[in-house]
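Thanks for making the time this morning. I would like to walk through the side-chain interactions in this model, beginning with the charged pairs and ending with the cysteines.

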Amino acid sequence: MSLMDIARKLGVSESKKLVNKAAELRRLADIQFDSSIIGVGEICKTIICLEIAASMLDVVFNRQAAIKLSGMSEKAYNRSFNAMQNGIGVKNKLDIRELAIQFGCVRLIPFVHKGLSLYRERFLAKLPLARQSSTDFTRPVFNAGAFYLCAKKHKLKVDKLKLIELAGTSESEFSSVSTSMMDLCFDIFGIAKEKKDPKKIKGKRELLDALPEKRKLEDGGSCSSDDESHDNKKFIRKEGYDEWKSQVERSIKRIKTQDPAKQTKQATLDFLKRVPKITTNQSS
């Protein structure tokens with residue numbers, strides 16, 4: 001199946017500029033990227049080149065139709081797309097403002113910019129001078145990671161998988177960048193865990209009123225621990241057992257001191273049922 005045939009099935013054959021760009025990317029992929037390593041077939045490679053060309057030229061592209069035509073699962077297609085995009089050196093543009101508008105989180109824009117700026121400063125400060133100039137912070141995974149952490153801090157729901165897809169990166173790389181940002185800029189991206197006072201939690205008051213021990217604790221009194229209550233129960237059981245044992249021993253002594261003649265004997269019981277003999281008369 002030729003590139004034009006695939007473009008026709010995906011509904012992008014009318015854009016000659018897109019088809020030519022996809023053909024250029026396909027030739028580049030054949031030279032720089034060994035698709036057999038990740039198991040990408042020729043048809044799938046062409047489809048991915050068409051999608052990359054569409055994103056570069058801002059042309060609408062039906063990704064679901066492309067996944068269906070490739071014969072791969074959505075997860076496998078995304079993994080192949082990211083690997084091929086990185087393999088041929090195509091950088092995906094990801095603007096923070098566009099992300100904020102797409103996910104409906106416009107108020108996060110200043111926080112994301114501040115977090116990225118501090119992350120760059122602190123990350124470069126830990127590198128030697130020779131490596132600082134070669135560090136590239138223009139990759140979209142940094143914008144995506146900062147945006148996701150800011151959304152999480154402000155308790156806004158963001159589709160993580162969709163964000164990874166837009167960034168054109170892998171889940172492992174996204175997780176690595178997010179962890180690095182959290183470690184260096186916890187004051188910007190981190191969420192402080194606050195200890196809650198049990199007395200201030202609604203719904204707990206009824207339980208405190210129902211248990212006298214809990215009320216004593218709340219009022220500043222003391223309450224026995226679980227170990228102490230367990231020891232008390234064991235002591236009560238032992239005390240009851242000792243009393244029962246002494247009663248049994250006194251009863252045995254009293255029986256032994258009685259006159260042997262007056263001692264009662266236990267009657268024997270015969271459980272064998274006697275069957276009456278039945279005689280039968282035989283007629284001659």
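What we have here is a predicted model, and in it the count of salt bridges comes to 9. Let me start with the one between the side chains of Arg26 and Glu42, where the nitrogen-to-oxygen distance is 2.1 Å. Arg26 belongs to helix α2, which covers residues 16-32, while Glu42 belongs to helix α3, covering residues 42-56, so this pair ties together parts that are 16 residues apart in sequence. As for their surroundings, Arg26 is buried, because its relative accessible area is 16%, and that falls under the 20% cut-off. Glu42, in turn, counts as partly exposed at 47% relative accessibility.

The second salt bridge I want to show you is formed by the side chains of Arg139 and Glu173, at 2.0 Å from N to O. Here Arg139 sits in the loop between α8 (129-132) and α9 (140-153), and Glu173 sits in helix α11 (residues 171-184), so the pair ties together parts 34 residues apart in sequence. Arg139 is partly exposed, with a relative accessible area of 30%. While we are on salt bridges, I should add that some of them share partners, and in this way Arg26, Asp30, Glu42 and Lys45 are joined into one network.

A further salt bridge brings together the side chains of Arg122 and Asp187, at 3.0 Å from N to O. This pair links distant parts of the chain, with Arg122 in helix α7 (residues 109-125) and Asp187 in helix α12 (residues 186-189), 65 residues apart. Arg122 has a relative accessibility of 28% and therefore counts as partly exposed.

Let me turn for a moment to Asn143, which is found in helix α9. Is this residue, Asn143, buried or exposed? With a relative accessible area of 13%, Asn143 is buried, and, leaving aside residues up to four places away in sequence, Asn143 touches Leu94, Ile96 and Leu116.

Now to the rings, where the structure holds 7 aromatic pairs. One of these is formed by Phe103 and Phe147, whose centres are 5.8 Å apart and whose planes make an angle of 45°, and this pair is classed as tilted. Because Phe103 lies in helix α6 (residues 96-103) and Phe147 in helix α9, the pair ties together parts that are 44 residues apart in sequence. Both Phe103 and Phe147 are buried. Elsewhere, Tyr119, Phe123, Phe137 and Phe142 form one aromatic cluster.

Phe103 also brings us to charges placed over rings, since Lys162 lies over the face of Phe103, at 5.9 Å from the ring centre. Likewise, Arg63 lies over the face of Phe81, with 4.9 Å to the ring centre.

That leaves the cysteines, and how many disulfides does the rule give? The count comes to 0 disulfides. Cys44, for instance, is in no disulfide, and the nearest cysteine sulfur, that of Cys49, is 9.6 Å away. Cys44 is buried, with a relative accessible area of 4%. For Cys185, the closest cysteine sulfur is in Cys150, at 9.8 Å, which is too far for a bond, because a disulfide requires the sulfur atoms to be within 2.5 Å. Cys185 is likewise buried, at a relative accessible area of 0%.

I will stop there and take questions.

Technical notes: Residues are numbered from 1 along each chain as its sequence is written. This is a predicted model: local features need pLDDT of at least 70, side-chain atom pairs count only at pLDDT 80 or more; totals for chains, interfaces and linings use all residues. Side-chain values use heavy atoms; hydrogens and water are left out. A salt bridge is a side-chain nitrogen of Lys or Arg within 4 Å of a carboxyl oxygen of Asp or Glu. Helices (H or I, at least four residues) and strands (E, at least two) are DSSP runs, numbered from the N terminus. Buried means under 20% relative accessible area, exposed over 50%, partly exposed in between (1.4 Å probe, protein chains only). Contact means heavy atoms within 4.5 Å. Rings of Phe, Tyr and Trp (its six-membered ring) pair if their centres lie within 6.5 Å; planes under 30 degrees apart count as stacked, over 60 as edge-to-face and the rest as tilted. A charge sits over a ring if NZ of Lys or CZ of Arg is within 6 Å of the ring centre and within 35 degrees of the ring normal.
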